[in-house]
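Me: I should like to learn how to read contacts, burial and helix packing in a model. Please begin with the surroundings of a single residue.

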Amino acid sequence: MTKIDPGKVPQRRLFTGALMPAVGMGTFGSDHVSAQEVSQAVAGAVEAGYRSFDCAACYGNEAQIGQVFADAFARGTVKREELFIASKVWNDMHGDGDVLIACARTLKDLKLDYLDMYYVHWPFPNYHAPGCDVDSRNPDARPFSVEEFMKTWRQMERLVDMGLTRHIGMSNMTIKKLEQVLPLCRIRPAAIEMELHPCFQQPELFAYCKEQGIEPVGFCPIGSPSRPERDKTPEDITDIELPEIRAIAQAHGVHPAVICIKWAVQRGQTPIPFSTKEKNYTANLRCVTEDPLTEEEMDIIRGLDRNNRLIKGQVFLWEGASGWEDLWDMDVK
């Protein structure tokens, strides 16, 4: 196995002063690979030099990943304090007292005493089980509410007070929502996860997070060609198929996916690519330690943004919304 020196991987400094690797390994694969396959990839990634892992309760694989971490600690491959481990509270655990229960379950599954980051997975207080789409047909679906979101966030803040997580974050937010909740936070989010890739760069939200001292963490950094069928539409664009990306990749002698990862890190976001293939996840980490993109190449990729959101399955189909962007950014009810 090719090993990458973790010390050569760029770091992001969070507002607390803590460092987070600028590339993490995602673990969402529950729609097309088994928990065992994901955990085996995590084991290989630890050996390869990854020090940041993005997990979530709804992925259905935290118990298997937790055993990988425990084994790595026992062997001395890595120390707990050398890893940056994140997880997320799912939509059906937003009720009073539920966030602590969810976090405790995740810690038990991951075999950890604390998390480095704990996210609110989706900002909607929708009490549905993982795997259930949220739309107007779900009787438990409700639109975003500042009051309800802050009830959840107060529980997240309590987790920091208790030492169960070092940082808390939000995911799948919009500027409109952030403008309403950030002034109310006692403990601000250290990071916000969002879909980010060359065809969906979210420049306004990206800039807003940077201005607020919040780290933008990008999922689907290569465009998520293996995303769930529910999220695919005929007009979708796969980033690695773009001729401009392929041309840059050819110039560097690498796969187009690697160019997307390089661009993300050089832009200033933290990508969390997922792959179960050793050659892919090692390439995703190694690429940010060598052969940077030129300013001209960065400018070319900056010009590829087509506002093409790929992950749409958790968005509401409320009456009166005219498109996906309306659904994401609709006014508070």
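Reply: Outside its neighbours within four places in sequence, M93 is in contact (heavy atoms within 4.5 Å) with D98, V99, I101, A102 and R105. This is a predicted model, in which local features need pLDDT of at least 70 and side-chain atom pairs count only at pLDDT 80 or more, while totals for chains, interfaces and linings use all residues. Residues are numbered from 1 along each chain as its sequence is written, and side-chain values use heavy atoms, with hydrogens and water left out.

Me: Where is M93 placed? Does M93 count as buried or exposed?

Reply: M93 lies in the loop between β5 (84–89) and α3; helices (H or I, at least four residues) and strands (E, at least two) are DSSP runs, numbered from the N terminus. Buried means under 20% relative accessible area, exposed over 50%, and partly exposed in between, with a 1.4 Å probe and protein chains only. M93 counts as buried because its relative accessibility is 14%. Between the C-alpha atoms of M93 and C103, ten residues apart in sequence, the separation is 9.7 Å.

Me: How is a residue inside a helix read, for example L205 in α6?

Reply: The same cut-offs apply. L205 belongs to helix α6 (residues 203–211) and, with 6% relative accessibility, counts as buried. Apart from residues up to four places away in sequence, L205 touches M173, T174, I175, L178 and M194. One of these, I175, is 30 residues from L205 along the chain, yet their C-alpha atoms are separated by 6.0 Å.

Me: How should packed helices be described, taking α2 and α3 as the case?

Reply: Two packed helices are described by the angle between their axes and the distance between the axes. Axes are lines fitted to C-alpha atoms, for helices over the stretch in contact, and angles run from 0 to 180 degrees between N-to-C directions. Helix α2 (residues 62–75) packs on helix α3 (residues 98–110) at about 50 degrees, with their axes 6 Å apart. The two are therefore oblique to each other: under 35 degrees counts as roughly parallel, over 145 as roughly antiparallel, 65 to 115 as roughly perpendicular, and the rest as oblique. On α2 the contact is made by E62, A63, I65, G66 and F69, and on α3 by T106, D109 and L110. By class, these are four nonpolar, two polar and two charged residues, where Ala, Val, Leu, Ile, Met, Phe, Trp, Tyr, Cys and Pro count as nonpolar, Asp, Glu, Lys and Arg as charged, and the others, Gly among them, as polar.

Me: At what angle do α7 and α8 pack?

Reply: Helix α7 (residues 243–252) and helix α8 (residues 256–267) meet at about 95 degrees, their axes being 8 Å apart. That makes α7 roughly perpendicular to α8. I245, R246, I248, A249 and H252 of α7 make the contact with P256, I259 and C260 of α8.

Me: Which residues have the most contacts inside the largest nonpolar core?

Reply: A nonpolar core is a set of buried Ala, Val, Leu, Ile, Met, Phe, Trp, Tyr and Cys residues joined through side-chain atoms within 4.5 Å. The largest has 70 residues, and V42, F53, Y118, F149, W153, M156 and M170 have the most contacts inside it. A second, separate core of 15 residues includes I248, C260, W263 and I301.

Me: How much of the chain is buried?

Reply: Of the 333 residues in the chain, 57% are buried.
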